[in-house]
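Me: Could you go through this one with me? I'd like to talk about confidence, domains and the chain contact.

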Amino acid sequence: MGERTEQVITLSLPSSMQHIDLLKVIVTEIVKETKLPEDIQEQINLAVIEAGTKSTQHSNKEEPEKQWTFQLILTENTLTIVPDDEGEEFAREETEQVITLSLPSSMQHVYLLDVVVTEILKEIDFTEDIQEQINLAVIEAGTNAIKHGNKENPVKKATIQFTLSEDRLVTIIKDEGDGFARQEVADPLDPENLLKSSGRGLFLMEACMDSVTYEDNGTIIKMVKYTRTPEL
Amino acid sequence: MQVNLRHKGSITILDIDGNVIGPDALALKNIIDQQIQVTHNEGEPGGKLNLILNLERVQMMDSSGLGVLVAAHTTIRRNEGSIVLLNLGGNIRSLIVMAKLMTIFNCYDSEAEAIAGIIRS
C-alpha cells in the first residue's frame, strides 16, 4: 500500500532566477496535498526556494542554458525532492523556454496545472481574456489525458510540455492511453447533444486555441496560441 | 471551491466561490444532487427544487463544471423545478455562449430578478 500512495511528479524548467516563482507555486500546491501541518508546509516552501535560488545561481554561472530537472516524490506525510538526471534530452531554439511537467494520473493534479499555467503566462504577452482561454484549454487537455487517456491510473503519467517563445505558447500534452479518433467524437453543438452532461472538452480546447492537432492516435495533443492572431 | 447554501422562502441559493474545475465539478454535483434529494424527501410527492446558482465569484469553469450545470438543469426540470444562473462573469458567460447553452439557462444580474424569474416560471 505504501508504494501505491507515493506520487512522483517530474519537473523540468530553465535554470534561471525568474523560474523560482514557478517552482514556488508548484511546491506550494503539491505540499497542500500532504497532510503535513501548515507550519511544516511553510518550512518546506522556504527550503525549496532557498535550494532553488542556490542551485540556479550556481548553474547560471556554469551553464546558463541548462535545464533544471527534478522529481518531487509525495506521500501522505513526506515530500522528497531529488535531482533527476534521467530527464529527456531535447533540442530547443535559443529564444525558447521549455517547461515540462510529468504527473501521475490523478484528477487532483488539475489544480497544479491551473497554477502552473497561470504562472507561466506571466512571462508572455497575452491579454487577460486570452490567458483565461489558454488556462481552460490546458485544463481540458490535462483532464482528457488523465481521465479519458490514462483512466486515472496513477501508474500512468500525463506529460505536459510548454514551449514559450516571443510570439507564441506551444503546449504538448501526452498520455499513456489507447488514444482516440477525433472525428468519432460527437459534436457537442449538435442539437441532440446540447443537453449532454459531457463531451465538450475537445470542443472547448479547439475554441480557445489558435490550433489544436492530434498526433499518435490522439495520445499527443499539440495546442498553439499566438500573442497576435496569425495572418492566414 | 467553496459553496455556501442559503434559502429564501422556497428558493435554494448556492453561492459558489472559486474556480469550478476538475474534482470541484463532482463536489458541486453532489451538493446539487443532495438538494434535489432533500426537496424530494421533505415535500409532498413531486416536491421540486427551485435553485439559484450564484456564480459571481467563479472566475473559471471547465467542461466538467458546465456538464454539472446541464445535468442539474435536466434533472430539476424533469421534476418540474427550476434552475437559474445569477451574476455570470465575462468568462462564464462566454463559456455558456460558446457551448450554445444561453437559450437553455435563464441568467440574471441581480438576486431580486432571479427570484422573480423563478416565481414567474
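Reply: What follows takes those topics one after another, bearing in mind that this is a predicted model.

Me: What ipTM and pTM does the model score?
Reply: The ipTM is 0.91 and the pTM is 0.90.

Me: And what pLDDT does chain B average?
Reply: Chain B averages a pLDDT of 92, and 94% of the residues in chain B score at least 70.

Me: OK, domains next: how is chain A divided?
Reply: The domain assignment of chain A places residues 1–85 in domain 1 and residues 90–232 in domain 2. In the contact of these two domains, domain 1 of chain A takes part with 16 residues and domain 2 of chain A with 16 residues.

Me: Which elements give two or more residues to the domain 1 side?
Reply: On the side of domain 1 of chain A that touches domain 2, these are strand S1 (7–14) and helix H1 (20–32) of chain A, and S1(A) gives the most, with eight residues. By residue class, that side of domain 1 has nine nonpolar, four polar and three charged residues.

Me: Switching to the chains, how many residues does the contact take from each?
Reply: There are 21 residues from chain A and 19 residues from chain B in that contact.

Me: Which helices of chain A supply at least two residues there?
Reply: On the side of chain A that touches chain B, helix H3 (110–120), helix H4 (128–149) and helix H5 (201–208) each do so, with H4(A) providing the largest share, six residues.

Me: And how do the residues on that side divide?
Reply: The side of chain A that touches chain B has eleven nonpolar, six polar and four charged residues.

Notes: Residues are numbered from 1 along each chain as its sequence is written. Chains are lettered from A and ligands numbered from 1 in the order in which they are written. This is a predicted model: local features need pLDDT of at least 70, side-chain atom pairs count only at pLDDT 80 or more; totals for chains, interfaces and linings use all residues. pLDDT is the predictor's confidence in each residue, from 0 to 100. Domain bounds come from an automatic or database domain assignment. Two residues are in contact if their C-beta atoms, placed from the backbone, lie within 7 Å. Helices (H or I, at least four residues) and strands (E, at least two) are DSSP runs, numbered from the N terminus. Ala, Val, Leu, Ile, Met, Phe, Trp, Tyr, Cys and Pro count as nonpolar, Asp, Glu, Lys and Arg as charged, and the others, Gly among them, as polar.
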